[in-house]
Amino acid sequence: MVLDLEKIKRVKTLAQYIGLYESLIKELANDPSKREISLIKINQRNKERRVVKVKSNTYKYILKVLALYLNEQYKTPDCVYGYVKGKSILENSKKHVEKTYILKADIKDFFYSISIDKVKNMFLSFSTNDEIAELLSKLVTYDGKLYPGLITSPIISNIILKNLDNDFIELATKYNCVYSRYADDLTFSSNDLYPSKEEIEDILSRYDFNLNEKKFVIMKRGQTQVVTGLSVFDKKPRIPRKVKNKIRTACFLYTKIPSERYSKTVSWCSITELEGLLNFYSKIEPEFIEKMKYLKRTGKYK
């Protein structure tokens, strides 16, 4: 049966829809140790992130069923680009090309700021009752928070931020500028006026979020303007010059240094990171990336 929360008022009915025993679903909801979860730490951009890793296939299956249902319910606003099928950083960046001003803001501790109470209220919005909403909110959170690593976390975050996005669209309209959001990255662009930091903080605080002070920046035309990792100074998004130089140098050194010594010698761009950069930017500037792959293989420029 296709999941329909509006029709589900008892855990027994939920179990029938999912196709598992009621006792098992309750056990996984109330005892996280049964989910075979581990917390792993990932260093990303000089910042440590805690990510949930799941081993239990049964728990993964439940999350998959819920994610499918939630994705079907969510009507993606034009301003949202993160965790949306068919959208990417490229489409997000395109909205902000050749603008006089680019304002970038970031939601501090994005996933971890979404509490189990917010998640429960989200499930209640689908016309289920308190018991089902309570159970489901426990299933999709860990330690009382939404955690990255769970398949349901991205779509839940987008649904919960729906009203926040509407408020930011209204704010952008007030200043005749463009707004977009990619996960926790907020971008406003304009050729004239743009919102103040205080106005952005005020809207975030309405939904119990905080601004990441370190990542708030206003970039004027003539300066480096980067949106979700892409330069938007030109007519179309491009790989930033600084990143191109990094890739070019790393690819050249890769052919000159034995692989067992490479990561230690070129600590600023490990083999894993280099492969990630080549893959990440392959759809942005494919010709440049092909030249860099050739350089990495041969040590020669194409």
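**A walk through the predicted model**

Immediately following H1, Gly19 adopts a positive phi of about 90°. The model is predicted, and this glycine is a convenient place to enter it, since the helices on either side of the turn can be taken up in order. H1 covers residues 11–18 and H2 covers residues 22–30. Their axes come within 8 Å and cross at roughly 100°. An angle from 65 to 115 degrees counts as roughly perpendicular, and H1 and H2 are therefore roughly perpendicular to each other. On the H1 side the contact is made by Val11, Lys12, Ala15 and Ile18, and on the H2 side by Glu22, Ile25 and Lys26. By class, these contact residues comprise four nonpolar, no polar and three charged.

An α-helix has 3.6 residues a turn, so residues three or four places apart point the same way. The H1 residues that meet H2 include Val11, Ala15 and Ile18. Burial in H1 extends beyond that list: the buried residues are Val11, Thr13, Leu14, Ala15, Tyr17 and Ile18. Because six of the eight residues of H1 are buried, the helix is largely enclosed by the rest of the structure. Among the elements that cover these buried residues are H2, H3 and H6.

For the wider setting, the protein has 13 helices and eight strands. Its C-alpha trace spans about 65 × 55 × 30 Å along the principal axes. Of the 302 residues, 45% are buried. Among contacts with a sequence separation of 6 or more, 65% are between residues 24 or more positions apart.

Aromatic rings supply some specific links between remote parts of the chain. The structure holds 11 aromatic pairs. One of them joins Tyr69 and Phe126 in an edge-to-face arrangement, with 5.7 Å centre to centre and 75° between the planes. Tyr69 belongs to helix H3 (residues 57–73), while Phe126 sits in the loop between helix H5 (116–124) and helix H6 (130–139); the two are 57 residues apart. Tyr69 and Phe126 are both buried.

Tyr112 and Tyr147 form another aromatic pair, also described as edge-to-face, with 5.3 Å centre to centre and 70° between the planes. Tyr112 lies in the loop between strand S3 (101–106) and H5, and Tyr147 in the loop between H6 and helix H7 (153–160), so this pair ties together parts that are 35 residues apart in sequence. Tyr112 and Tyr147 are buried as well. Elsewhere, Tyr83, Phe110 and Phe111 are linked into a cluster by ring pairs.

Charged side chains also meet rings. Lys118 is placed over the face of Phe209, at 4.0 Å from the ring centre. Arg221 is placed over the face of Phe233, at 4.1 Å from the ring centre.

Three single residues outside the helices and strands show different degrees of burial. Leu193 lies in the loop between strand S5 (185–190) and helix H9 (197–206). With a relative accessible area of 48%, Leu193 is partly exposed. Setting aside residues up to four places away in sequence, Leu193 touches Tyr175 and Cys177. The C-alpha atoms of Leu193 and Tyr175 are 5.6 Å apart, although the two residues are separated by 18 residues in sequence.

Glu285 is a charged residue in the loop between helix H12 (271–280) and helix H13 (286–298). Buried means under 20% relative accessible area, so Glu285, at 12%, counts as buried. Apart from neighbours within four places in sequence, Glu285 is in contact with Arg238, Ile239 and Lys244.

Tyr301 lies in the segment after H13. The relative accessible area of Tyr301 is 52%, so this residue is exposed. Even so, Tyr301 touches Arg248, Tyr294 and Leu295, not counting residues up to four places away in sequence. From Tyr301 to Phe252 the C-alpha separation is 9.0 Å, with their positions 49 residues apart along the chain.

Key:
Residues numbered from 1 in each chain as written. Predicted model: local features only at pLDDT ≥ 70, side-chain atom pairs only at ≥ 80, totals over all residues. Heavy atoms only, no water. Axes fitted to C-alpha atoms, helices over the stretch in contact; angles between N-to-C directions. Helix = DSSP H or I, 4+ residues; strand = E, 2+ residues; numbered from the N terminus. Parallel < 35°, antiparallel > 145°, perpendicular 65-115°, else oblique. Contact = heavy atoms within 4.5 Å. Phe/Tyr/Trp six-rings, centres within 6.5 Å; stacked < 30°, edge-to-face > 60°. Buried < 20%, exposed > 50% of the residue type's maximum accessible area, 1.4 Å probe, protein only. Lys NZ or Arg CZ within 6 Å of the ring centre and 35° of its normal.
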